[in-house]
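Work through the exercises below with the sequence and the model open. Each task is followed by a solution in steps.

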Amino acid sequence: MARVNLGKAAGELYKTVAALDGQTKDRLKEAGFTEGFCNLLRLRASQINGCAYCCRLHTLDAAKTGESAERVAVLPAWRETGYFTNEERSALALTEAVTLVSDGQVPDSVYDEAARHLGEAQIAAVEWLAIVMNVWNRIAIPSRYPVAP
């Protein structure tokens with residue numbers, strides 16, 4: 001049985017999410033994050049959520065915006081690598097915590113570490129990215145957006 005495509009079934013809501021995503025992109029840019037790294041944050045949330053559509057999309061987007069194949073490849077194990085700066089590590093940890101909000105409610109330890117390496121505008125931008133990415137995943141997954149070669 002075919003699934004309801006939420007983007008088509010409620011186009012006005014989809015456009016609202018897209019507008020929020022656009023505002024989030026602006027905040028991330030203002031906060032000094034590169035587009036490539038933002039795609040890695042999006043990819044990491046999508047990996048955690050198991051969204052194949054978004055994983056493929058943001059892997060390709062990361063490459064198009066200058067991220068190396070090495071950083072994309074080690075992303076699921078970023079804690080064990082030297083590929084990311086302290087700022088990036090804090091943003092990754094915060095993205096994961098917001099994505100896994102039911103597991104620890106964004107622990108103080110994660111937030112405190114982020115506050116040591118990121119400013120208020122950066123924390124807000126990363127949290128909004130994680131929120132919006134989780135919304136996109138929750139649109140694509142139940143709709144079963146197609147993922148085929």
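**Exercise 1. Overall fold**

Task: Describe how the contacts of the protein are spread along the sequence, name its secondary structure elements, and compare its radius of gyration with that of a compact globule.

Solution. The model is a predicted one. Start with contacts between residues at least 6 apart in sequence: in the protein, 70% of these join residues at least 24 apart. Next, list the elements: the protein has eight helices and zero strands, so the order from the N terminus reads α-α-α-α-α-α-α-α under the DSSP assignment of helices and strands. Then take the dimensions. The C-alpha trace spans about 50 × 30 × 30 Å along its principal axes. For 149 residues a compact globule would have a radius of gyration near 15 Å, and the protein agrees with this, at 15 Å. Finally, 42% of the 149 residues count as buried, the cut-off being under 20% relative accessible area.

**Exercise 2. Packing of H3 and H8**

Task: Find the angle and axis distance of H3 and H8, classify the packing, and name the residues that meet.

Solution. Two packed helices are described by the angle between their axes and the distance between the axes. Helix H3 covers residues 35-49, and its axis lies 9 Å from that of H8, at an angle of about 45°. H3 is therefore oblique to H8. The crossing of the two helices is right-handed. On the H3 side the contact is made by Cys38, Leu41, Arg42, Ala45, Ser46 and Asn49; their partners in H8 are Val126, Leu129, Met133, Asn134, Trp136, Asn137, Arg138 and Ile141. By class, the residues of this contact are eight nonpolar, four polar and two charged.

**Exercise 3. Packing of H3 and H6**

Task: Repeat the analysis for H3 and H6, giving the angle and distance, the handedness and the residues that meet.

Solution. The axes of H3 and H6 cross at roughly 35° and come within 10 Å. This crossing is right-handed. From H3, the residues Phe37, Leu41, Arg44, Ala45, Ile48 and Asn49 meet Glu88, Ala91, Leu92, Thr95, Glu96 and Thr99 of H6. The residues of the contact divide into six nonpolar, three polar and three charged.

**Exercise 4. Two residues of H6**

Task: Are Glu96 and Thr99 buried or exposed, and which residues does each contact?

Solution. Glu96 is located in helix H6. Its relative accessible area is 7%, so Glu96 is buried. Outside the residues up to four places away in sequence, Glu96 touches Arg44, Ile48, Trp78 and Arg79. Thr99 is also placed in helix H6. Thr99 has 8% relative accessibility and therefore counts as buried. Beyond its neighbours within four places in sequence, Thr99 is in contact with Ala45, Ile48, Asn49 and Asn134. Of these partners, Ala45 and Asn49 are among the H3 residues that meet H8, and Asn134 is among the H8 residues of that contact.

**Exercise 5. Positive phi**

Task: What is the phi of Gln105 and of Arg144, and where is each residue placed?

Solution. Most residues other than glycine have a negative phi. Gln105, although not a glycine, has a positive phi of about 55°. Gln105 lies in the loop between helix H6 (86-99) and helix H7 (108-117). With 63% relative accessibility, Gln105 counts as exposed. Arg144 is not a glycine either, and has a positive phi of about 55°. Its place is in the segment after helix H8 (120-143).

**Exercise 6. Distances in sequence and space**

Task: How far apart are the C-alpha atoms of Gly50 and Ala97, and those of Thr59 and Asp103?

Solution. Gly50 sits in the loop between H3 and helix H4 (52-64). Gly50 has a relative accessible area of 54% and is therefore exposed. Along the chain, Gly50 and Ala97 are 47 residues apart; their C-alpha atoms are separated by 16 Å. Thr59 belongs to helix H4. At 30% relative accessibility, Thr59 counts as partly exposed. From Thr59 to Asp103 there are 44 residues in sequence and 26 Å in space, C-alpha to C-alpha. Apart from residues up to four places away in sequence, Thr59 touches Leu43 and Val72.

Terms used. Residues numbered from 1 in each chain as written. Predicted model: local features only at pLDDT ≥ 70, side-chain atom pairs only at ≥ 80, totals over all residues. Heavy atoms only, no water. Helix = DSSP H or I, 4+ residues; strand = E, 2+ residues; numbered from the N terminus. Buried < 20%, exposed > 50% of the residue type's maximum accessible area, 1.4 Å probe, protein only. Axes fitted to C-alpha atoms, helices over the stretch in contact; angles between N-to-C directions. Parallel < 35°, antiparallel > 145°, perpendicular 65-115°, else oblique. Left-handed = near helix turned anticlockwise from the far one by under 90°. Contact = heavy atoms within 4.5 Å. Nonpolar A, V, L, I, M, F, W, Y, C, P; charged D, E, K, R; others polar. Rg over C-alpha atoms; globule rule 2.2 N^0.38 Å.
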